[in-house]
Amino acid sequence: MATTKINSAPQASAHAVSPMLVRLHPVAIAGICDAYERRKEKAFRVVGTLMGKFDGDVVEITNCSAVPHEEGGGQNQMPLRLDTEVAQSMIELSKRASPQETVVGWFSTRPNIPETSFYIHDFYVRYNPNIIHLTVDCTAETDRMPIKAYVWSASGVPQEPKDPKDAAARFDQGALFAQIPVEIACWDAERVGLDLISTARKDPHRVVSIPTDADQVLQTATLLDEMLDTALGYINKVLKDEIPADPEIGRALMDVIGVIPKIDEEAFEKMVNASRKDVLMVMYLSELAKAQLALQEKVNILPS
Amino acid sequence: MATRRDLDGPGRADESPAQIVQLNALVVMQIIKQCEELRSLGEHAEGYLCGLLEAERLEITYAYPSLRGETTDQEADDYSDEMNRRLRQQGIDNMVVGWYKSAVFGSFLNREVFEAQYAYQSAVEESVVLIYDPVRTSQGLLTLKAYRLGPEIMNIVKKDGLEFSMESVRQAKINVETLFQEIPIRIKNSHFVNAMLSELEVIAPSPNKRPFLDLSTSNILEKNVGLLLEGVDHLLSENAKLTNHQKRIQRLQSDRIRIVQRKNAQRQAKGEPLLTEDEINQMFPRPFPDSPRADIVLTAAQVSQYCDKIGQFSAQSLSKMQMAEALQGKLKDSSAAFVSAIHKEVQPNQ
């Protein structure tokens, strides 16, 4: 394994717009979790590259890859080793397949920021001065899994470095990881996938299969039914003076009623019938085509 | 397939293995992300699937996109080799067990996919292709399907090459169902992923915006019918080609017969014996050319796929319409009908 011991500090780049918000896609979190599950035994933490794009002061994270590394953490004095070759290579490979993604930061699977983090951050600063640091608490020490993002910001009075070649001199000014808010961002399709995966949580074997069209209609109808029941239950309770009416809910209900288009019964029937006829006709056509195919196959199989 | 397995008992070596494809949460999200990203650029996505083989199932644990744009095979190979090496260094399964592709309305049964899938299955028998439909998924139904070439067609292509003949299709009884076999998919989360999902639900709850009780049908039906028409047209032209081919063979055959008859007549005139079967075969050493069947079989399978899609879509549209009707206005009629039905139940003798 070609490991570079990090001891050379890169040139500090000029300041640009520092990110103010992180938009994190679920695929990246899933990747971090996967990397954590594949960690080496007794690993202190897992770190890796975050890919995505900068958009003004918003960072969008859409991909990640773990970087093999070793560090003692806390007590023992094992030096930090980061496999920069793998990191560099994964970044290049990712850029070849999805050129729109650049390095936007790095992640760690521990909630705190140990001193070694400064050195890892230093490695990533080469790619972009505005990179962020994301921590996903995978230690399971609490019943939550906090996700936090930080930017590197200088603070305090700059001090003239005694020796310009000294790596630690950069930190003489005093700097800190300032926390910035994280937001989960989903495209519609991602949300659909996430919702489906989430249903597996309720399964004793943690398994879910992909639903068919008919399942979907059934599920939605059930859901709609439940929602109507909830609304009706509330309304009835209010009508019976069991609970006080909440004007906010009332307004929301009015909005819902307002959205329902008022369609003339005849026109509606005509509309539904027309599109039903369309569907039935297309169904008939497709069945006809299928029958034709089956016939053709049978003819083909006949000995000539 | 199932019956053979039942007879032979489980775990037979010659049995086509891995009857189920198991995905983890990461792969599902990766495929969606990679396909959606390219979809916004108006392109179709493709990529590699990595995983491992278990006795009964194929586990897919990692997906990465293939190179974009025009690349040579060499470049693509170098890229995937490099990627696989790096994945191994990260401790990720790096055996390529298939590929994924985005395709709308199930229009993926073509030459390109067939040949690629054959190559994958020649390398690793269990390889599958995952087809992701971005349009259906954005309508609220994750549409991801796994396919594999059937064993019959694999044997034929091994024997005859990619331009397999009509004769072998007939012998192996290839039909639209046995060409591409659908393999059931299941998604399995680790406990850790479940914990992560619970966290996500707290910080970013699902908006529960369900776009899929949408009543509009004409748009999708129109596209489906358009594709179906295209397929049927293609099938027709292939059939026409086949008919021409058969005519040509008939002509060739009658030519041969004429030649043989003439020679025989000459020999008879000279008092020599007639041509024997062997001599005739020597005169025409080459058999009749066979028409390639690959395209027509593929197109037939594609048309059948379209028909199935239309069937599924129509069924759910009809049920949605039924629902809308029940909600709108019809409520009165149906409740009146219900009341009268109850009346009849209560007083059956009247």
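These are my notebook entries on chain B and the sheet that its strands share with chain A.

I noted at the outset that this is a predicted model, in which local features need pLDDT of at least 70 and side-chain atom pairs count only at pLDDT 80 or more, while totals for chains, interfaces and linings use all residues. Residues are numbered from 1 along each chain as its sequence is written, chains are lettered from A in the order in which they are written, and side-chain values use heavy atoms, with hydrogens and water left out.

I looked up the make-up of chain B and found 13 helices and eight strands, taken as DSSP runs numbered from the N terminus (helices H or I, at least four residues; strands E, at least two). Of its 350 residues, 45% count as buried, that is, under 20% relative accessible area with a 1.4 Å probe, protein chains only.

I then followed the sheet, which is open and mixed in pairing, with nine strands in the order 12(A)-8(B)-1(B)-3(B)-2(B)-4(B)-5(B)-6(B)-7(B); two strands pair if DSSP finds at least two bridges between them. Strand 12 (207–209) of chain A and strand 7 (180–183) of chain B stand at the edges with a single partner strand each, so one side of each has no neighbour in the sheet.

Within this sheet I checked strand 1 (residues 20–23) and strand 3 (residues 57–65) of chain B, which run parallel and are joined by four bridges; B:Ile20 has B:Arg57 of strand 3 as its bridge partner.

Notes
Buried < 20%, exposed > 50% of the residue type's maximum accessible area, 1.4 Å probe, protein only.
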